[in-house]
Amino acid sequence: FRGGYLLIENSTITNNTAGDDGGGVAGQTVGVNVVIRNSTIAFNTAAGTGGGLYLRNDGAGYPTTLISSIISNNTDNGGPNDIFVQAPNTLNVENS
């Protein structure tokens with residue numbers, strides 16, 4: 001993605017497997033605000049990093065916001081690991 005806004009809303013992302021990063025959701029973004037609202041990301045597996053959510057941003061610190069969402073029971077190559085958001089990006093959590 002390049003610039004803008006990515007919204008995942010009212011979604012269930014479960015039981016997926018990735019041969020690399022991000023078993024449930026994986027993305028490399030530049031200048032994108034990511035919002036996950038009223039969604040569940042669970043029981044996904046990644047051979048790399050971020051079993052549930054993997055976001056790499058080559059920009060300068062854009063936010064990822066979780067609102068009333070569940071990210072749980074995901075695994076990656078290090079064991080239980082639900083979320084990977086690369087610095088300098090931020091992760092904001094509201095009612096999740």
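Me: Two strands pair if DSSP finds at least two bridges between them. In this predicted model, what makes strand β4 and strand β8 a pair?

Reply: The requirement is at least two bridges, and β4 is joined to β8 (residues 63-67) over four bridges, so the two strands count as paired. They run in the parallel sense. One of the positions where they meet is V35, whose bridge partner in β8 is T65.

Me: How do you know that β4 is also paired with strand β7?

Reply: The same rule of at least two bridges applies, and five bridges join β4 (residues 25-37) to β7 (residues 53-57), so this is a pair as well. These strands are parallel too, and along them A26 stands opposite Y54 in β7.

Me: What makes the contact between R37 and E9 a salt bridge?

Reply: A side-chain nitrogen of Lys or Arg has to lie within 4 Å of a carboxyl oxygen of Asp or Glu. For the side chains of R37 and E9 the separation is 3.1 Å, N to O, which falls within 4 Å, so the name applies. A search of the whole structure finds one salt bridge. Since R37 belongs to β4 and E9 to strand β1 (residues 2-9), the pair ties together parts that are 28 residues apart in sequence.

Me: Why are R37 and E9 called partly exposed?

Reply: Partly exposed covers the range between buried, which is under 20%, and exposed, which is over 50%. R37 has a relative accessible area of 25% and E9 has 34%, so both values lie between those limits.

Me: What makes the ring pair of Y54 and F84 stacked?

Reply: Two rings pair if their centres lie within 6.5 Å, and they are stacked if their planes are under 30 degrees apart. A search of the whole structure finds one aromatic pair, formed by Y54 and F84, with 4.9 Å from centre to centre and 10° between the planes. Both values meet the limits, so the pair is stacked. It links distant parts of the chain, with Y54 in β7 and F84 in strand β12 (residues 83-85), 30 residues apart.

Me: Which of the two, Y54 or F84, is buried and which is partly exposed?

Reply: Y54 has a relative accessible area of 13%, so Y54 is buried, whereas F84, at 28%, counts as partly exposed.

Me: Why is L53 called buried?

Reply: Its relative accessible area is 0%, which is under 20%, so the word buried fits. L53 is found in strand β7, and leaving aside residues up to four places away in sequence, it touches V25, I36, T64, I71, D82, I83 and F84. L53 also belongs to the largest nonpolar core, a set of 12 residues that includes V25, I36, I41 and I71. The elements giving two or more residues to this core are β1, β4 and β7, and the largest share, four residues, comes from β4.

Me: What makes β2 and β9 the edges of their sheet?

Reply: The sheet is open and has three strands in the order β2-β5-β9, with parallel pairing. β2 (12-14) and β9 (70-72) each have a single partner strand, so one side of each is left without a neighbour in the sheet. Neighbouring strands here are turned by 5° against each other on average, direction ignored.

Me: How do you know that strand β5 and β9 pair?

Reply: At least two bridges are needed, and β5 (residues 40-42) has three bridges to β9, so the condition is met. In β9, T40 has I70 as its bridge partner.

Me: Why does A42 count as buried, whereas N81 counts as partly exposed?

Reply: A42, which lies in β5, has a relative accessible area of 4%, and this is under 20%, so A42 is buried. N81, which lies in the loop between β11 (79-80) and β12, is at 24%, so its value falls between the limits of 20% and 50% and N81 is partly exposed. Not counting residues up to four places away in sequence, A42 touches I13, T14, N15, S72, N73 and N74, while the residues that N81 touches include G52, N74 and D76.

Note on methods: Residues numbered from 1 in each chain as written. Predicted model: local features only at pLDDT ≥ 70, side-chain atom pairs only at ≥ 80, totals over all residues. Heavy atoms only, no water. Buried < 20%, exposed > 50% of the residue type's maximum accessible area, 1.4 Å probe, protein only. Contact = heavy atoms within 4.5 Å. Core = buried A, V, L, I, M, F, W, Y, C linked by side-chain atoms within 4.5 Å. Phe/Tyr/Trp six-rings, centres within 6.5 Å; stacked < 30°, edge-to-face > 60°. Axes fitted to C-alpha atoms, helices over the stretch in contact; angles between N-to-C directions.
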